[in-house]
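Hello,

I am passing on the structure we talked about, with notes on what turned up in it. Please look it over when you have time.

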Number of protein chains: 2
Amino acid sequence: MSIAIPYAPAAGFNVTSLTERRLLHETVIDQLRDLIVQGELAPETKLNERVLAERLGTSRTPLREAIKFLASEGLVELLPHRGAVVAPLKPEKMKEVFVVLGALEALAGDLACRNATDADIAEIRALHYHMLAHHARGELAQYFRYNQQIHIKLMECAGNATLAQVYRGLNAHVKRARYLANLSRERWDKAVKEHADILDALVRRDGARLQVLLRDHLANKLVLVMEALAAQRGEVAR
Amino acid sequence: MSIAIPYAPAAGFNVTSLTERRLLHETVIDQLRDLIVQGELAPETKLNERVLAERLGTSRTPLREAIKFLASEGLVELLPHRGAVVAPLKPEKMKEVFVVLGALEALAGDLACRNATDADIAEIRALHYHMLAHHARGELAQYFRYNQQIHIKLMECAGNATLAQVYRGLNAHVKRARYLANLSRERWDKAVKEHADILDALVRRDGARLQVLLRDHLANKLVLVMEALAAQRGEVAR
DNA sequence: TGGGGCTATTTTGCATACAAAAAATGTTTG
DNA sequence: CAAACATTTTTTGTATGCAAAATAGCCCCA
């Protein structure tokens, strides 16, 4: 992930404006990653190079480079002489990812309690209230958006770019599962309550407590994802 | 990193034998990674595509794909329109990596205490004694070898492939610094002693204790690396 | 009907060709 | 002599071409 360019507009703006220092294969990386994370390219979808290249308006060469990059991130799997497929969403893999994410978020929480400025915490509080607002209105997509932003901001507060990078990579996997989770109101309320506790611990800069909360929060999220995956499998089998 | 093929002979065997399902760009990935980790391609070395491709006996296309893959691992950095360089060994980056590695190893230790079979632990004990033997003889390279194997085996015992994969990626960075660490006998003895404690905690399956030990062990290792980096910088500045 | 083996088509993997950007070189001028 | 400019050379980025592998289609036959 160590491209010099920070983070850029995801999809197909065609502004040949100022900052056209972006390379084709980099935009392709972002486009392809988005297609996968957003679920437009479902897990286990075969990536036909000719078709995809055409769709993304490029040739196969930059596309193949992008695929290799994402293979290293683990979002696609390479099958020798048979191309690449979007990485499958296996329950077993999800469990593994969540365990690692748990450790990473716990670490981030601990670090954030020490390193975050008051302004940082104020920002997280603001994001938290945005999230609450969307929760109140039942706007799931917006809720997720701010939810993610809170976690990412927490990562930033930890002040460890490497940690943030590893987190982002693993989180990309998890985000794919989000679109199939059918959150019950009860579960949703519980998640929001957990977030309140998380914010509280951060404000009190209680690193030990925050670690526990974040780990539990992730464990609960894992349960949701597993249920969703099970339900989906049930549908498929039906 | 999600290539179907597990782990393969690192460097240039030219056996066109049974398992010649390996693709060129995959062997190139491994070769290039080795060159970087072994320090043959020093940090900040510019990767000239034509020269490197020739050296590795391939064309630029698979090489570029390999570079993209390793860029995602963070071993090389991409500079738009200016190619790629071996990722620099910045002290700040090292600190970050060690902190994350600490959390990952701690997690692995905890999991290993629960999941390791007695045979696993026996194997680690065996590796430990090999390591002691090489320490006694002052054989640093061999010592490192078994040291690494112990840590990797511990990762395996955790039974979380995702964890192991992330660990491997970050560990590759650290390994690069190993070659410039000039271990004093005193420091070396201390590290060995720490390993004895680690083994002990594992045998007793004391996860909490093992976590602490592993974190401390890594923290000490970081100190060594930082000193080595500082010394190196001093030399360069001289 | 359905399965095995052959051929044709598609797709991947790698090499090469070409265009654009950057670096190196040389030249001029103050 | 140095600095700025222009020109050449090198290097990167992308597209295309070609060979090998995999897939699909087809025919034949039990």
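The notes below cover the relation of the chains, the interface and then the sheets.

Please keep in mind that this is a predicted model.

Relation of the chains

Two copies of a chain are related by a rotation about an axis and a shift along it. Here, a turn of 180° with a shift of 0.0 Å along the axis lays chain B on chain A, and the RMSD is 0.0 Å. This is therefore the relation of a two-fold axis. The surfaces used agree with each other: 100% of the interface residues of chain B are also interface residues in chain A, so the copies meet through the same surface.

Interface

Chain B puts 38 residues into the contact, and chain A puts in 38 residues. About 3300 Å² is buried between chain B and chain A, with carbon and sulfur atoms giving 61% of that area.

On the polar side, there are 4 salt bridges between chain B and chain A. One of them joins Glu65(A) to Lys68(B), where the closest N and O atoms are 3.6 Å apart. Between chain B and chain A there are also 12 residue pairs in polar contact, counting pairs with both residues at pLDDT 80 or more.

Which elements of chain B supply at least two residues each of the side that touches chain A? They are helix 1 (24-37), helix 3, strand 2, helix 4 (91-115) and helix 7 (161-178) of chain B. Helix 4 of chain B gives the largest share of that side, with 9 residues.

Sheet in chain B

Chain B has an open sheet of 3 strands, in the order 1-3-2 and with antiparallel pairing. Its edge strands are strand 1 (46-47) and strand 2 (76-79) of chain B, each of which pairs on one side only.

Strand 1 of chain B is joined to strand 3 (residues 83-86) of chain B by 2 bridges, and the two run antiparallel. Within this pairing, Lys46(B) has Val85(B) in strand 3 of chain B as its bridge partner. Strand 2 of chain B pairs with strand 3 of chain B over 4 bridges, also in the antiparallel sense, and Leu78(B) stands opposite Ala84(B) in strand 3 of chain B. Strand 2 and strand 3 of chain B form a hairpin with 3 residues between the strands, in which His81(B) has a positive phi near 65°.

Helix 3 (residues 60-73) of chain B lies across strand 1, strand 2 and strand 3 of chain B, and runs at about 110° to strand 2 of chain B. Helix 3 and strand 2 of chain B thus appear both in this packing and in the list of elements that touch chain A.

Strand pairing in chain A

In chain A, strand 1 (residues 46-47) and strand 3 (residues 83-86) pair antiparallel over 2 bridges, with Leu47(A) opposite Ala84(A) in strand 3 of chain A. Strand 2 (residues 76-79) of chain A is antiparallel to strand 3 of chain A, and 4 bridges link the pair. One bridge partner in strand 3 of chain A is Gly83(A), which belongs to Leu79(A). Strand 2 and strand 3 of chain A make a hairpin with 3 residues between them, and His81(A) in the turn has a positive phi of about 65°.

Regards

Note on methods: Residues numbered from 1 in each chain as written. Chains lettered and ligands numbered in written order. Predicted model: local features only at pLDDT ≥ 70, side-chain atom pairs only at ≥ 80, totals over all residues. Heavy atoms only, no water. Least-squares fit on C-alpha atoms with pLDDT ≥ 70 in both. Contact = heavy atoms within 4.5 Å. Pairing = 2+ DSSP bridges. Axes fitted to C-alpha atoms, helices over the stretch in contact; angles between N-to-C directions. Buried area = accessible area lost by both parts, 1.4 Å probe. Salt bridge = Lys/Arg side-chain N within 4 Å of Asp/Glu carboxyl O. Polar contact = N/O pair within 3.5 Å; in protein donor to acceptor, adjacent residues only side chain to side chain.
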